[in-house]
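Biologist: Could you take me through one part of this model up close? I'd like to hear about the charged pairs around a single strand.

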Amino acid sequence: MMDLYLHIGLEIHCELKTNTKMFSSSPIDYQASPNTLVQPFDVAFPGTLPTINQRAVELALRACDVLNCTIDSNLRFDRKHYFYPDLPKGYQITQAFHPLGKDGFLTINSQKILIERVHLEEDTAKLVHRDGYTSIDFNRCGIPLIEIVTRPVITSVEDACAFMAEILRLVTYLEISEGKMEKGQVRCDVNLSLSENPSDLGTKVEIKNLNSISHMRAALCYEVDRQKERIAHQHSIESQTRRYDEKEKKTVFLRAKNRKVDYRYMPDPNLPCVRLSREWIQEVLSKRPRTYQERFQQLTDKHRLSNRLAYDLLKQKEINDLYFEIVKYTRHFSVAANLLCADIRTWLKNHSGPILVKPEDIAFLINEIDLTIPYAKARGILKAGLEGKSIQKEWKAYQNLQLSSQDMDRLIQQTLAQNPKSVHDYLQGKDRALAYLVGQCMRLSKGNVDPQRAKDLLRRGIRNLERSTMDEEE
């Protein structure tokens with residue numbers, strides 16, 4: 001079989017993290033009941049006019065900057081005309097002729113992925129198909145989007161998925177978007193073709209509305225195999241739009257693309273050109289949060305975390321944000337990272353509500369570990385704090401349960417007296433016997449003893465027993 005070269009281009013639609021819609025004052029709330037967040041402009045009432053959402057422009061500028069785009073200081077909008085139930089105006093406001101950003105790039109796996117354009121537009125309404133009927137939710141109509149369009153220079157499925165993953169990290173950590181594909185906040189259309197010549201494109205096939213990286217990978221792999229098989233049997237590849245069927249694990253035909261659609265683009269007469277000054281653009285960009293990579297460098301270089309722990313800490317922005325709040329009050333970076341990646345992440349998986357514990361209270365607990373409280377007990381107090389109890393009160397209650405020196409001496413003597421075989425084994429060089437004795441001491445105290453303190457006192461008690469035995473023999 002002849003060698004075939006894969007060409008992939010991506011069109012990524014990303015809903016921006018604003019409080020209101022792109023061209024109206026309608027609030028945005030993904031949990032709201034259908035058709036409750038709608039202004040007259042959203043549903044094309046006659047006589048209504050658009051107003052530009054400044055925050056959306058600022059977030060789009062962040063995206064253009066981090067994707068190394070040339071920024072157009074003239075903000076202009078156009079109308080894209082087509083008829084569909086989810087588009088009440090009969091046109092979508094977009095940037096067809098003058099995108100906010102163009103000619104950018106992002107380096108993935110040492111390959112420079114060229115970005116053709118980044119432009120602003122409004123989202124359409126949401127169609128809900130149920131029981132043979134279709135309903136329309138206009139809450140989504142007008143939510144601000146950026147569309148990131150790459151050139152067809154991606155040459156492997158893995159690079160395409162890696163690019164998508166990096167875009168999700170960038171928009172999430174720069175607070176451009178919540179970046180949750182499963183909620184439809186980021187959607188991806190894939191264009192791919194196979195050709196015999198690496199410099200030529202083949203017949204383009206589009207796969208619409210991929211809503212996860214795993215679906216993206218599966219759809220691309222299936223489509224590449226489908227096209228290779230057709231070419232091997234000397235069948236032509238038809239230009240068409242397909243979708244991924246997650247139940248069947250394959251792409252399925254939607255419609256042919258045998259002619260170019262005329263969208264009758266035109267400048268929007270209700271939105272005159274807005275001049276963005278260089279000073280204002282620089283001010284906007286100077287306020288952007290740190291990127292994923294910038295945070296990683298701080299975690300590994302300044303906080304001395306291992307690469308593995310740093311990557312683990314960066315998996316969830318909520319976790320990472322809390323970490324940086326906690327380390328304002330403690331220098332025990334590794335302990336903080338481990339507690340977050342294990343205990344707090346586990347709690348978040350099982351609970352839908354926000355974390356109510358104050359970062360300074362978590363830091364207080366971390367600072368007390370190995371001073372007044374063992375690590376295992378601190379984890380228990382943290383769990384109680386996550387469930388709504390006061391960390392300070394739980395810590396004080398634990399301190400009140402601690403045994404006095406006299407009580408501790410009696411506990412050590414009781415432990416040694418009840419376990420003579422383990423004492424003998426330890427004296428014979430079996431270190432594991434000491435761990436057993438510590439466990440027995442913890443059992444007798446019902447967990448109210450610091451394990452390290454118990455270990456030190458048990459060693460001392462065994463040494464005293466050994467000396468007493470030697471004195472008696474003499």
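Are Arg-187 and Glu-15 buried or exposed? And what goes on around them?

Modeller: Sure, and keep in mind that this is a predicted model. Arg-187 and Glu-15 are both buried. Their side chains meet in a salt bridge, with 3.7 Å from N to O. Arg-187 sits in strand S11 (residues 186-195) and Glu-15 in strand S1 (residues 5-15), so this pair ties together parts that lie 172 residues apart in sequence. The two don't stand alone: Glu-15, Asp-123, Arg-140 and Arg-187 are linked in a network of salt bridges.

Stay on strand S11 and you'll meet another pair. Here the side chains of Asp-189 and Lys-208 form a salt bridge at 3.1 Å, N to O. Lys-208 belongs to strand S12 (residues 205-210) and Asp-189 to S11, so the parts being tied together are 19 residues apart in sequence. The partners differ in exposure: Asp-189 is buried because its relative accessible area is 1%, under the 20% cut-off, while Lys-208, with 23%, is partly exposed. For the whole model, the count of salt bridges comes to 30.

Since you'll probably ask about cysteines in this area: the structure has zero disulfides. Cys-14 is buried, at 1% relative accessibility. The closest cysteine sulfur to its own is that of Cys-188, and it is 11 Å away, which is too far for a bond because a disulfide needs the sulfurs within 2.5 Å.

How values were computed: Residues are numbered from 1 along each chain as its sequence is written. This is a predicted model: local features need pLDDT of at least 70, side-chain atom pairs count only at pLDDT 80 or more; totals for chains, interfaces and linings use all residues. Side-chain values use heavy atoms; hydrogens and water are left out. Buried means under 20% relative accessible area, exposed over 50%, partly exposed in between (1.4 Å probe, protein chains only). A salt bridge is a side-chain nitrogen of Lys or Arg within 4 Å of a carboxyl oxygen of Asp or Glu. Helices (H or I, at least four residues) and strands (E, at least two) are DSSP runs, numbered from the N terminus.
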